[in-house]
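Please brief me on this structure. Keep it short and group the points by topic.

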Amino acid sequence: MKPQAPDNLLLVSSSPHTHSGSSVSRIMADVLIALIPAFAAACWFFGWNAVRLTAVCVAACLITEWLCRKAMRRANTIADFSAAVTGVLLAFNLPPDLPSWMAIAGSVVAIAIAKQTFGGLGYNPFNPALIGRAFLLISCTGAMTTWSASNWLSPDAITTATPLSLVKETLKTGDPLPFTMTGPMTWNFFIGNMNGCIGEVSAAAILIGAAYLLIRRVITWHVPVAFIGTVIIYGLIHMTCSANAMPVHFHLLSGGLMLGAFFMATDMVTTPITHIGLIIFGIGCGLLTMIIRTVINGDYPDGVSFAILVMNAFTPLINRACKRLPFGRKK
Amino acid sequence: MEYVLLIIGAVLVNNFVLNRFLGICPFLGVSKQMSTAIGMSGAVIFVMGMAAAVTWCIQDWLLAPLNLEYLQTTAFILLIAAFVQLVDIVMKRFLPALHGALGIFLPLITTNCAVLGVAVMNVQNESSLGISVLFSVAAAVGFAFALIIFAGLREKIERANPPRAFRGVAIALVTAGLLSLSFMGFSGLVK
Amino acid sequence: MKRLYAPFNFRGGVSPTYHKETTCNSPLRELPLPPLLTISMSQHLGAPAKPLVSPDDTVVGGQMIAAAAGMISAAIHAPTSGRVVSIGDAATPLGRPAPAMVIEPDGNHTWQSPLPPITNWREVAPRTLAERVGAAGIVGMGGAGFPTHVKLSPPADKPIDTLIINGAECEPYLSGDNRILLEHSAAVWEGAAIIAHILKATNIYVAIEDNKPDAVRAMEQAIPADLANASLCVLKTSFPQGSEKHQIFSVTGRTVPAGGLPMDVGCVVENVATTYAIRDAVINGQPLVTRSITVSGDAVAAPANLIAHIGTPFSYLVEACGGVSGTLTKVVSGGTMMGFAQASLDVTMTKTSSGLLLLSPSQVKQFTSQACISCGRCLNACPMRLMPAELSQYIESEDIANAEASFVMDCFECGSCAFVCPAHRPLVQHMRRAKAIIMAQRRAAGPRPG
Amino acid sequence: MNEWLTPIMWIGGIGAFCGGALALAAYYLSVPEDPRIEQVTNELPGANCGGCGFAGCADYAKALVENKTSPDRCPVASSAAVQAIGALLGKAVVASGRKVALVLCGGCNTEAIRHFSYNGITDCAAAAAIAGGDKACSFGCLGYGSCLRVCPVNCITMVDGVAKIDSSACIGCGKCVAACPRNLIQLVPEEAKIHVLCSSRDKGSVVRKVCGVGCIGCRICVKLSDGAISMDGFLAKVDYTKPPLTNEELVEKCPGKCIRKVG
């Protein structure tokens with residue numbers, strides 16, 4: 001006769017037997033909520049294309065994630081929303097006219113290669129969305145740097161470049177700066193009325209989302225402050241050294257700086273873990289961004305995504321260097 | 001300023017490993033541990049600097065005057081091979097711990113295309129002896145830079161949980177590819 | 001005037017939901033003897049006690065039934081008169097089985113304490129009093145179970161100037177210490193005075209978290225006029241405020257060095273229940289055979305604070321509180337942060353059982369551990385300023401040497417890291433595992449020099 | 001000089017110079033190394049399993065040559081290899097027969113009960129530290145695979161909550177023996193096929209409550225086995241120093257169903 005186990009087995013686990021209730025999916029959901037204002041701004045400025053790209057990227061990311069987990073015979077992780085966050089962030093880093101198939105290709109690379117190859121969320125050394133973008137930028141350079149005309153300059157000066165690339169191209173040919181940051185121009189830049197990737201144009205919308213993340217304590221101030229602070233300091237020094245320098249607020253409001261500083265460089269998985277490490281990370285991002293932006297010979301007008309990726313590579317080294325001493329221990 | 005640009009160019013922009021894809025074998029081989037990566041970095045910087053000097057002397061004092069430039073590759077390989085063997089013997093005698101740590105990879109520098117590559121590049125650029133050595137050392141520092149970053153990353157991915165098919169070198173190669181992708185952002189900064 | 005607010009507060013820590021309102025107003029109630037007592041020989045930190053009686057012997061209440069085995073050990077006394085049924089292995093609340101003595105009470109409760117009362121303790125040598133504490137089998141009743149007489153006999157080169165009576169009770173649900181502070185305020189002060197006399201300590205603090213205003217008021221009013229330098233220290237409510245090292249920091253600003261003891265910075269911390277037991281042992285000559293225990297949780301019908309005999313089965317405590325209500329999924333001995341989950345209710349209480357929690361499915365979630373997303377929350381929560389995220393990854397990849405180099409041995413398993421972890425990683429269990437492996441390695445390597 | 005002689009001369013000259021320099025360096029800077037280390041390393045299996053207690057085959061070979069250990073420490077090497085090493089070192093060695101690891105527990109999920117449900121890390125030692133482990137039998141295999149993870153040849157699988165070792169693939173390195181917190185794994189001679197698959201020292205009445213295939217201490221096997229099985233308290237144990245058991249009657253007659261033929 002076989003022994004019978006009692007009907008109602010008690011659950012036994014290690015302490016603690018209570019939990020704060022936080023979860024990965026809650027964190028990712030907060031990031032998605034924080035991206036809503038930027039999405040609204042994208043829809044306002046780019047219309048149907050913003051919806052199309054975001055939908056395509058999110059769908060492609062989710063499907064890729066599902067397929068990868070299936071192929072690896074592991075538990076499904078769509079429910080933690082991390083793939084959705086990657087999809088939205090990737091979409092926000094794409095120009096409005098990018099063909100859908102390219103967006104899909106970028107999403108597949110982001111999830112399949114940059115994330116699931118390493119075993120999924122938590123193991124990836126690089127930010128998947130940024131890998132997707134860098135992949136597209138290098139493989140489909142033309143499409144990734146084509147911008148539909150918008151009215152961010154005066155209507156008679158319609159241009160098909162982002163402010164950053166316009167500045168860089170002009171300086172490369174030796175011409176003076178193409179425009180000055182007047183009051184209305186700054187306002188346009190701030191609300192997002194300019195050419196650029198769909199989610200990065202509106203600093204105002206991103207700041208609203210960032211405030212939500214800070215209040216919800218999903219992100220800490222360290223990376224954004226160090227990142228943006230470094231950009232400001234570098235920008236000020238650059239202005240005093242060079243006659244052909246754009247003002248600091250141009251650098252703050254153009255390109256992917258705001259989106260990068262608040263949403264990409266704060267990705268927990270790929271950034272250092274200690275506060276000091278995060279500050280070093282932010283400073284590194286700021287420096288590299290400005291080097292790529294201001295060295296005229298460079299191939300790329302904006303350096304935010306590459307700067308963050310390079311600093312992602314440095315993250316293990318920063319973690320190694322920034323260990324802290326426990327309570328009661330001395331050097 | 002020219003020298004600074006030369007160094008930045010060799011380290012960041014035209015990095016031997018991440019941009020020119022030279023020296024991949026030791027890059028993958030010794031990056032598993034930070035300690036060996038640092039040891040290897042030292043060895044490569046030393047060997048590349050010295051090899052540049054030796055090959056420059058052979059090129060400018062022997063091959064060029066005798067119009068034997070077509071022997072360049074053969075002569076360089078011969079010299080570098082002998083030189084690395086010498087370093088190996090000296091290190092085994094005087095730095096046995098480092099020698100043990102580097103293991104097979106020190107002799108592998110012999111056939112490392114990065115060493116030959118830098119020597120050939122110096123000839124192509126018609127650099128002076130000083131510039132040749134500086135460029136070689138900078139290139140080696142770039143190699144070391146990439147190697148150490150990669151060692152840090154590998155310690156992280158060592159703890160990752162890739163699917164069975166990607167375990168080991170496969171995931172290391174994927175990571176190296178992504179690292180290279182990240183460094184593409186520097187392209188064009190320095191010619 | 002004697003109330004002061006803690007001038008410091010340790011860094012880190014968490015704020016769990018305390019659930020104290022269920023029992024904090026329920027007075028201590030004495031529980032009758034159960035039909036069988038199973039008294040573990042391992043009720044304290046250190047070597048298990050050596051039984052002094054054999055099966056079928058009869059014992060009287062207060063009789064020493066097991067003697068301390070070595071320096072770090074404690075004596076055990078019979079809670080009542082009766083017959084020794086058997087001595088054999090039994091489960092302990094800490095999980096590991098240990099030798100235990102089963103006593104069947106005879107119902108007469110004949111009591112004959114071997115310890116004469118000492119009422120004039122002020123004239124008695126500190127050494128004699130410390131020996132009395134040892135003879136009464138008193139151990140740290142906050143949870144660690146460190147034999148108290150050892151703590152009260154510091155070496156001559158470590159003078160003690162500060163005594164802190166730990167009334168923080170920072171664990172969720174528990175309110176036994178709170179009740180002692182409220183109901184026996186004067187006795188706790190007297191106990192504190194005895195300990196201060198033993199240690200020749202000049203400053204006495206009773207430290208209470210600010211979520212127990214009643215206890216603070218009661219203790220403030222009860223400060224004896226003749227006790228110089230005694231004050232009531234109100235601490236910020238934060239887990240783990242009850243940890244010795246952190247309480248010393250909060251109260252005095254002193255940092256106990258890693259691997260060191262409070263006596264290294266001239267402090268001794270005693271739990272409220274221990275202080276009360278010390279007073280009983282000295283003034284009434286009572287060995288430690290009962291203790292306060294909070295029976296709480298949402299799966300028990302009538303949560304209460306009880307005074308129960310050591311060796312009482314948990315099932316008996318539950319019955320005394322109206323039995324199980326609803327679905328019972330988890331039984332925890334101690335608090336929810338650092339307590340131990342029990343395999344069954346057959347386990348019996350010991351000198352360190354401060355609480356028995358019965359939790360329903362709504363309070364207990366089963367989690368699957370995910371990969372660390374390095375959010376860094378555990379770093380902010382860790383009161384020892386460790387890096388649990390990193391440590392757990394080392395341990396997961398079996399890199400115990402690196403974990404040791406990253407100070408895993410400094411972890412005291414408070415659970416703050418696992419409490420905040422969004423990936424639900426069993427961080428404490430990882431730490432425990434690494435610590436066990438390292439301890440085994442150290443034992444195998446033999447005693448370390450020095 | 002003609003077109004082909006010049007390059008040959010120069011390359012030859014450079015080569016000769018380098019060769020000379022190397023020869024000199026090798027001569028003056030050489031580090032003496034015992035040639036037997038390499039020979040011994042060649043004889044070792046090269047599995048680098050660490051079963052000998054050294055950091056790998058080369059390390060073991062070095063220790064062997066330096067006379068710090070004995071050649072029979074390698075669990076993997078064939079007896080011929082051990083003899084060869086002994087010959088190299090000038091030592092007489094008696095090679096022991098091949099040993100394989102065996103899990104002495106048959107309490108799978110359908111036979112042995114679990115008395116609570118465990119939620120935590122998948123590691124036997126960690127699980128055993130919490131309320132004594134979830135298997136009701138305090139001697140039984142917990143099934144959280146600590147042995148499986150340390151096996152250098154991946155020959156352990158978890159079958160229905162109990163570790164099973166593929167004896168044909170096992171190299172007998174003994175890592176799993178050390179990894180099991182319940183000390184259930186033992187190295188047994190490969191020829192032995194009939195085993196007592198139980199390690200419970202509990203009384204029969206206790207065993208019956210928690211496991212359907214546990215040793216109840218009935219002693220029937222002791223009588224049948226002609227001294228090859230003896231009682232250790234309430235547990236029957238096979239004496240593996242005696243010739244392997246062949247009597248299949250043991251398997252049929254065991255009332256606890258814990259004597260089984262394996263492999």
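R179(C) sits in helix 3 of chain C. The model is predicted. R179(C) counts as buried because its relative accessibility is 10%, under the 20% cut-off. The points below start with its surroundings, then move to the sheet, the backbone, the cores and the confidence values.

**Around R179(C)**
- Leaving aside residues up to four places away in sequence, R179(C) touches T23(C), C24(C), N25(C), S26(C), P27(C) and L28(C).
- H184(C) and N305(C) complete that contact list.
- L28(C) is in strand 2 (28-30) of chain C, an edge strand.
- N305(C) is in strand 15 (residues 304-309) of chain C.

**The open sheet of chain C**
- Six strands of chain C make up an open sheet, in the order 2-15-14-18-16-17.
- Pairing in this sheet is mixed.
- Its edges are strand 2 (28-30) and strand 17 (340-341) of chain C, each of which pairs on one side only.
- Strand 2 and strand 15 of chain C run parallel to each other, with three bridges between them.
- E30(C) has I307(C), in strand 15 of chain C, as its bridge partner.

**Backbone exceptions**
- Most residues other than glycine have a negative phi, and most peptide bonds are trans.
- E169(C) has a positive phi, near 40 degrees.
- For Y173(C), phi is also positive, near 75 degrees.
- E169(C) belongs to the loop between strand 10 (162-167) and helix 3 (176-183) of chain C.
- Y173(C) lies in the loop between strand 10 and helix 3 of chain C.
- E169(C) is buried, because its relative accessibility is 11% and the cut-off is 20%.
- Y173(C) is buried as well, with a relative accessible area of 4%.
- The bond from F239(C) to P240(C) is cis, with omega near 0 degrees.
- P240(C) is in the loop that runs between strand 12 (230-235) and helix 6 (244-252) of chain C.
- S15(A) and P16(A) are joined by another cis peptide bond, with omega about -5 degrees.
- P16(A) is in the loop between strand 1 (11-13) and helix 1 (24-34) of chain A.

**Helix 1 of chain A**
- Which residues of helix 1 of chain A are buried? They are V24(A), I27(A), M28(A), A29(A), D30(A), V31(A) and A34(A).
- Their cover includes helix 2 (36-46), helix 4 (82-92), helix 10 (203-215) and helix 13 (257-264) of chain A.
- Helix 9 (377-381) of chain C is also part of that cover.

**Nonpolar cores**
- In soluble globular proteins, nonpolar side chains tend to be buried together.
- The largest nonpolar core holds 174 residues.
- Within this core, F263(A) and L179(B) touch the most other members.
- Helix 8 (residues 129-158) of chain B supplies the largest share, twelve residues.
- A second, separate core has 49 residues, among them M141(C), I194(C), A215(C) and V268(C).
- Beyond residues up to four places away in sequence, F263(A) touches V31(A), A34(A), L35(A), L89(A), I206(A), G209(A), A210(A), L213(A) and M258(A).
- Of these contacts, V31(A) and A34(A) are among the buried residues of helix 1 of chain A.

**Confidence in chain B**
- Chain B has a mean pLDDT of 85.
- In chain B, 95% of the residues reach 70 or more.
- Helix 6 (residues 105-110) has the lowest mean pLDDT among the elements of chain B, at 68.
- Helix 9 (residues 169-183) of chain B has the highest, at 92.

Methods. Residues are numbered from 1 along each chain as its sequence is written. Chains are lettered from A and ligands numbered from 1 in the order in which they are written. This is a predicted model: local features need pLDDT of at least 70, side-chain atom pairs count only at pLDDT 80 or more; totals for chains, interfaces and linings use all residues. Side-chain values use heavy atoms; hydrogens and water are left out. A nonpolar core is a set of buried Ala, Val, Leu, Ile, Met, Phe, Trp, Tyr and Cys residues joined through side-chain atoms within 4.5 Å. Buried means under 20% relative accessible area, exposed over 50%, partly exposed in between (1.4 Å probe, protein chains only). Helices (H or I, at least four residues) and strands (E, at least two) are DSSP runs, numbered from the N terminus. Contact means heavy atoms within 4.5 Å. Two strands pair if DSSP finds at least two bridges between them. pLDDT is the predictor's confidence in each residue, from 0 to 100.
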